[in-house]
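Student: I'd like a close look at one thing here, please: the salt bridges. Just walk me through them slowly.

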Amino acid sequence: MNEHDERDTTMTGVDPSTLDDQQLMKELETIHRTRHETLLHGSNDALGAHNERMARLEGEYLRRHPRRTVAAGRTREGARERGAGDSATPALD
């Protein structure tokens, strides 16, 4: 590649579509573990690269698992039910 060739210059890491399921899960675990530190202390470029990489990895996971199990509490309706239950909880002094 010559210095003027800009193919793949914005992508960081291995293309998620080439990873097997175990590798994809390991990459997702790593990026989620490092997210908070990158947000708080990374440069704008580092945060941008992190955002892009995370979106690509998560997109690949969702592509492979479109029918993944969704916990009821992680939906709007489930959140509303949790919120309604909180009002019955006595306040701590």
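Tutor: Sure! First, a bit of vocabulary: with a 1.4 Å probe and protein chains only, a residue is buried under 20% relative accessible area, exposed over 50%, and partly exposed in between. You're looking at a predicted model, where local features need pLDDT of at least 70, side-chain atom pairs count only at pLDDT 80 or more, and totals for chains, interfaces and linings use all residues. Residues are numbered from 1 along each chain as its sequence is written, and side-chain values use heavy atoms, with hydrogens and water left out.

Across the whole structure there are five salt bridges, each being a side-chain nitrogen of Lys or Arg within 4 Å of a carboxyl oxygen of Asp or Glu. Take aspartate 15 and arginine 56, whose closest N and O atoms are 3.5 Å apart. Aspartate 15 sits in the segment before H1 and arginine 56 in helix H2, so this pair ties together parts 41 residues apart in sequence. (Helices are DSSP runs of H or I with at least four residues, strands are E runs of at least two, and both are numbered from the N terminus.) Aspartate 15 is partly exposed at 29%, and arginine 56 is partly exposed too, at 31%.

Next, arginine 64 meets aspartate 21 at 2.7 Å, N to O. This pair joins helix H2 to helix H1, 43 residues apart. Then there's glutamate 60 with arginine 63, at 2.5 Å. They're about one helical turn apart, because three residues separate them in helix H2. Glutamate 60 is buried at 7%, while arginine 63 is exposed at 54%. Finally, Asp21, Glu60, Arg63 and Arg64 are linked in a network of salt bridges.
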